[in-house]
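Hi,

Here is the structure I said I would pass on. Have a look at it first, and then read on for what turned up.

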Amino acid sequence: MILAVDTSLGTAVALIDADGAARSTANATDPFGHAEVIGDLLVDACREAGPGDVTHVVAGMGPGPFTGLRIGIAAARAFALGRGIPVVPVPSHFAAALTALETETQPFAIVTDARRREVAITVFDGTDPDGIPNVVADTVLVRAAEADAHLDGLRRIDVATLSATDLARVGARALAAGRTLTGDEPLYLRHPDVTLPGAPKKVGT
């Protein structure tokens, strides 16, 4: 089985078989409180899935808020470390795109709330030969009020919850193709709130 964990929006956990069939899912839609629910959701999902070995853990890497995103990644890594199995990092928007592709046939943008009146946008068009959503414009952070102008008429899909089942399926397809979809660092797009001070002003004598 493959376990997937994502906390880029709410908190989502799922297990699938190697062929992509869903075994279990557990989630909480609250965009806060990830640390309070992640443990129980993992227990619930594993219990519902029934017997079987987990061979890989797929971690949703964002984009998402800094603290919440890292809670899910840390949980995925801790579970994998305890079982001695690999972690497969997958951008969270890929899961939303795979869900959307059940009905979408034209290019579209996945849009998620990045807070502070900003949204994260990734543009997709179908799937590639490995069955993985095909990115045609990398993830960017845009002011929410300017998102429609940025998209310039492109089909917009606003996502408030994410399917961990589809995240696991993307990870499984990447594994089957021997591909790495992203690195080990979270996709946290916002610039730091603090900046380095400039050079000190000269004081006249």
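Before the first find, one term: rings of Phe, Tyr and Trp (its six-membered ring) count as a pair if their centres lie within 6.5 Å. In this structure, which is a predicted model, ring pairs join Phe94, Phe108 and Phe124 into a cluster.

**The aromatic rings**

Altogether, the structure has 3 aromatic pairs. Take Phe94 and Phe124 to begin with: their ring centres are 5.6 Å apart and the planes stand at 90°, so this pair is edge-to-face. Phe94 belongs to helix H3 and Phe124 to strand E7 (residues 118–127), so the pair ties together parts that are 30 residues apart in sequence. Both Phe94 and Phe124 are buried.

Phe124 also pairs with Phe108, and here the rings are stacked, with 6.0 Å from centre to centre and 25° between the planes. Since Phe108 sits in strand E6 and Phe124 in strand E7, this pair ties together parts that are 16 residues apart in sequence. Phe108 is buried, just as Phe124 is.

**Glu104**

Next, go to the loop between helix H3 (92–100) and strand E6 (108–115), where you will find Glu104. Is Glu104 buried or exposed? Its relative accessibility is 15%, and the cut-off for buried is under 20%, so Glu104 counts as buried. Leaving aside residues up to four places away in sequence, Glu104 touches Arg155 and Ile157. With Arg155 there is also a polar contact of 2.9 Å between the two side chains.

**Thr7**

Another loop worth a look is the one between strand E1 (2–6) and strand E2 (11–16), which holds Thr7. Thr7 has a relative accessible area of 1%, so it is buried. Which residues does Thr7 touch, not counting those up to four places away in sequence? They are His34, Gly68, Leu69, Ile71 and Gly72.

Two of these contacts involve backbone oxygens. That of Gly68 lies 2.6 Å from a polar atom of the Thr7 side chain, and that of Leu69 lies 3.3 Å from a polar atom of the Thr7 side chain. To get your bearings, you could also pick out Ala100: it is 93 residues from Thr7 along the chain, and the C-alpha atoms of the two are separated by 19 Å.

**The empty spaces**

How many cavities of 30 Å³ or more are there? The count comes to 1. The largest cavity holds about 70 Å³ of space. It is lined by 10 residues, and the closest to its centre are Gly64, Ala114, Leu141, Tyr188 and Leu189. Sorted by class, the lining of this cavity has 8 nonpolar, 1 polar and 1 charged residues.

As for pockets, the largest has a volume of about 170 Å³. Its lining includes Ser8, Leu9 and Gly10, then Thr29, Pro31 and Phe32, and further along the chain Pro65, Asp113, Arg115, Val159 and Ala160. By class, that makes 6 nonpolar, 3 polar and 2 charged residues around the largest pocket.

If you want somewhere to start, put Phe94, Phe108 and Phe124 on screen together, as ring pairs link them into a cluster. After that, try Glu104 with Arg155, whose side chains share a polar contact, and Thr7 with Gly68 and Leu69, which are among the residues that Thr7 touches.

Cheers

Technical notes. Residues are numbered from 1 along each chain as its sequence is written. This is a predicted model: local features need pLDDT of at least 70, side-chain atom pairs count only at pLDDT 80 or more; totals for chains, interfaces and linings use all residues. Side-chain values use heavy atoms; hydrogens and water are left out. On a 1 Å grid over the protein atoms alone, a cavity is a set of points where a 1.4 Å probe fits but cannot get out, and a pocket is an open set with protein on both sides within 12 Å along at least five of seven lines; lining residues have an atom within 4 Å of a point. Grid points are joined across faces, edges and corners, and a volume is the space filled by probe spheres set on the points. Ala, Val, Leu, Ile, Met, Phe, Trp, Tyr, Cys and Pro count as nonpolar, Asp, Glu, Lys and Arg as charged, and the others, Gly among them, as polar. Helices (H or I, at least four residues) and strands (E, at least two) are DSSP runs, numbered from the N terminus. Buried means under 20% relative accessible area, exposed over 50%, partly exposed in between (1.4 Å probe, protein chains only). A polar contact is a pair of N or O atoms within 3.5 Å; within protein, one must be able to donate a hydrogen and the other to accept it, and residues adjacent in sequence count only if both atoms are side-chain atoms. Contact means heavy atoms within 4.5 Å. Rings of Phe, Tyr and Trp (its six-membered ring) pair if their centres lie within 6.5 Å; planes under 30 degrees apart count as stacked, over 60 as edge-to-face and the rest as tilted.
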